[in-house]
Amino acid sequence: MSVANVAFGSIEQTQRALASGALTSVALVQEHLDRITRWDPQLHAFIDVYADEALAAAEGLDRLRQAGTLLGPLHGVTVAVKDLFDIQGKPITGGSAALPPRTSTLTASAVQRLRSAGAVVLGKTHTVEFAFGGWGTNTTMGTPWNPWDLQTHRVPGGSSSGSAVAVAAGMACAAIGTDTGGSVRIPAGLCGLVGLKTTHGLVSRHGLLELCPTHDTVGPLTRSVRDCATMLDVLAGPDPLDPVSRLAPTRSVAQGLGKDMKGLRVWTLPWAEREDVDAEVLRAYDRALDALAGLGMLLVERPLPHSLEHSMRIAGSLMSAEGYAHLGPLFERRELQFDPNIQRRILLGRDIGAAQYIHLLRQREQAKAAMLEAMDGVDVCVFPTNAISAIPLTEVDELATPLSRFGRFVNLLDLCSVAVPAGLSSAGMPISVQFIGRPFAEPTILCAAFAFEQATPWGQAVPPGLA
Ligand SMILES: NC(=O)CC[C@H](N)C(=O)O
């Protein structure tokens, strides 16, 4: 493995290099730490780096490997963790500068699972304040740079902004984030990565700062679909500490990849929903559909039972209502310094009363049932991930939510979805499509996404200037 390949290696490639003895975990960790030192002052992905602990863990993992013991599929690889997860003994901010950080007294189950599978946690990554936003902006803690443009500060997408930037810039092998209305898929899409929104309850949320508990999910950001499946195999599973934890698929998703996808029925974006989608995104999307047809998949177009706009509104209100329920008392303290955009979104929840909230939940149940019925006869939906590619920070309109358009409805309808690279814009910014499936259809969407990734060149792309 060359040096650039070490930094940008997939988990799969890294495991091969570690197994052959061409690479040690200590060398891998050192390489990522060096790159964090070199690039993070500009890119601003990490809020905290655990250099000494990571090196010590890597040393131990190398020794275990030499003795013939492997903890799991992540043995010796590096991961970054969104600063929304507790890690015992570490400060946690949730992307908020309003109060001094508290020190976590427990470790989130997801982080525990990564460690048990052999992962080395490099550090915590920046997030939108309490994860309530899709641009990736944070006026009090700073906004990470999208690594695909080193000249102009472009949005990374959010809210798992730092997690995406860390992986995309070759500063970690993989990362975890949370997706309540697109927050894993949006930054994965804007930064050229694979990002998975898991079915609610599939991955434990114990030890996670919540935003909207009926919609919050945990998911990986990776360089490849196979890595994503590997991370899912590690993360998924029932957890008595998460009350909504549900049964995971019993077989390995990673081992199921590579099936022939001929005949898979793909629901494509209805014409009515193409409005306001960037022309370059649509061109890449149509090319992606051609590639799927070339793989023998069957494209079907049908109207959505409810418009994406309808889902956006319900999901947005639920996020504000549930966010206000537990964050309201904090955000009402006007003497504290919040990101004003997040404060506005949270305080919208103050005026949503119990009757309206219950009505929203009912509308959600109706929309879920209608979507499942409408999916009869199709296996997956393939839609764009983001309506636009990454724009300069100076052009952001915080009142507009183009990045939530294709994000939120998936959470509202309790589906699962994986975002996969699908092209580059004329400015060289990544474009992405998402494969959406029924609840717990992760094996199906990842198989379809894997076939697409293998048939197209986009998964290989690395930000120029960073290699
Ligand atoms: N945490 C999230 O997923 C929220 C971000 C999302 N784009 C929204 O505001 O709808």
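**Exercise 1. What radius of gyration does the protein have, and what would a compact globule with 467 residues have?**

Solution. Keep in mind that this is a predicted model.

Step 1: a compact globule with 467 residues would have a radius of gyration near 23 Å.

Step 2: the protein has 20 Å, which agrees.

Step 3: for the outer dimensions, fit a box along the principal axes; the C-alpha atoms fill roughly 60 × 60 × 45 Å.

Step 4: turn to the surface. The accessible surface of the protein is about 16800 Å², and carbon and sulfur atoms account for 54% of that area. Of the 467 residues, 62% count as buried.

Step 5: look at how the chain meets itself. Take the contacts between residues at least 6 apart in sequence: 77% of them join residues at least 24 apart.

**Exercise 2. Find out how confident the predictor is in this model.**

Solution. Begin with the residues: the mean pLDDT of the protein is 96, and 99% of its residues reach 70 or more. Then take the scores for the complex, where the predictor gives an ipTM of 0.94 and a pTM of 0.98. A word of caution for any such model: where pLDDT is low, the predicted coordinates should not be read in detail.

**Exercise 3. Trace the sheet from one edge to the other, then zoom in on the E1 side.**

Solution. Step 1: take stock of the elements. The protein has 14 helices and 13 strands.

Step 2: follow the pairing. An open sheet is formed by 11 strands, and their order is E1-E5-E2-E6-E8-E7-E12-E13-E11-E9-E10. The pairing in this sheet is mixed.

Step 3: identify the edges. Strand E1 (46-49) and strand E10 (298-301) each pair on one side only, which makes them the edge strands.

Step 4: check the twist. With direction ignored, neighbouring strands of this sheet are turned by 25 degrees against each other on average.

Step 5: zoom in on E1. E1 pairs with strand E5 (residues 120-125) in the antiparallel sense, over 3 bridges. For Asp-48, the bridge partner in E5 is Lys-124.

Step 6: add the helix. Helix H3 (residues 25-43) packs on the sheet and touches E1, strand E2 (78-82) and E5. The direction of H3 makes about 20 degrees with that of E5.

**Exercise 4. Look for unusual backbone geometry and describe the surroundings.**

Solution. Step 1: recall the background. Most residues other than glycine have a negative phi, and most peptide bonds are trans.

Step 2: start with His-44, in the loop between H3 and E1. His-44 is not a glycine, yet its phi is positive, about 60 degrees. Its relative accessible area is 24%, so His-44 is partly exposed.

Step 3: move to Ala-131, in the loop between E5 and H6. Ala-131 also has a positive phi, about 65 degrees, although it is not a glycine. With a relative accessibility of 5%, Ala-131 counts as buried; the cut-off for buried is under 20%.

Step 4: inspect the peptide bond from Gly-158 to Ser-159. This bond is cis, with omega near 10 degrees. Ser-159 sits in the loop between E5 and helix H6 (161-168).

Step 5: is Ser-159 buried or exposed? At 0% relative accessibility, Ser-159 counts as buried.

Step 6: list what surrounds Ser-159. Leaving aside neighbours within four places in sequence, the contacts of Ser-159 are Lys-82, His-126, Thr-127, Val-128, Ala-131, Gly-133, Thr-178 and Ser-183. Ala-131 from Step 3 is thus one of the residues in contact with Ser-159.

Notes: Residues numbered from 1 in each chain as written. Predicted model: local features only at pLDDT ≥ 70, side-chain atom pairs only at ≥ 80, totals over all residues. Heavy atoms only, no water. Pairing = 2+ DSSP bridges. Helix = DSSP H or I, 4+ residues; strand = E, 2+ residues; numbered from the N terminus. Axes fitted to C-alpha atoms, helices over the stretch in contact; angles between N-to-C directions. Contact = heavy atoms within 4.5 Å. pLDDT = per-residue confidence, 0-100. Rg over C-alpha atoms; globule rule 2.2 N^0.38 Å. Buried < 20%, exposed > 50% of the residue type's maximum accessible area, 1.4 Å probe, protein only. Areas by Shrake-Rupley, 256 points an atom, 1.4 Å probe, with all protein chains shown as cover.
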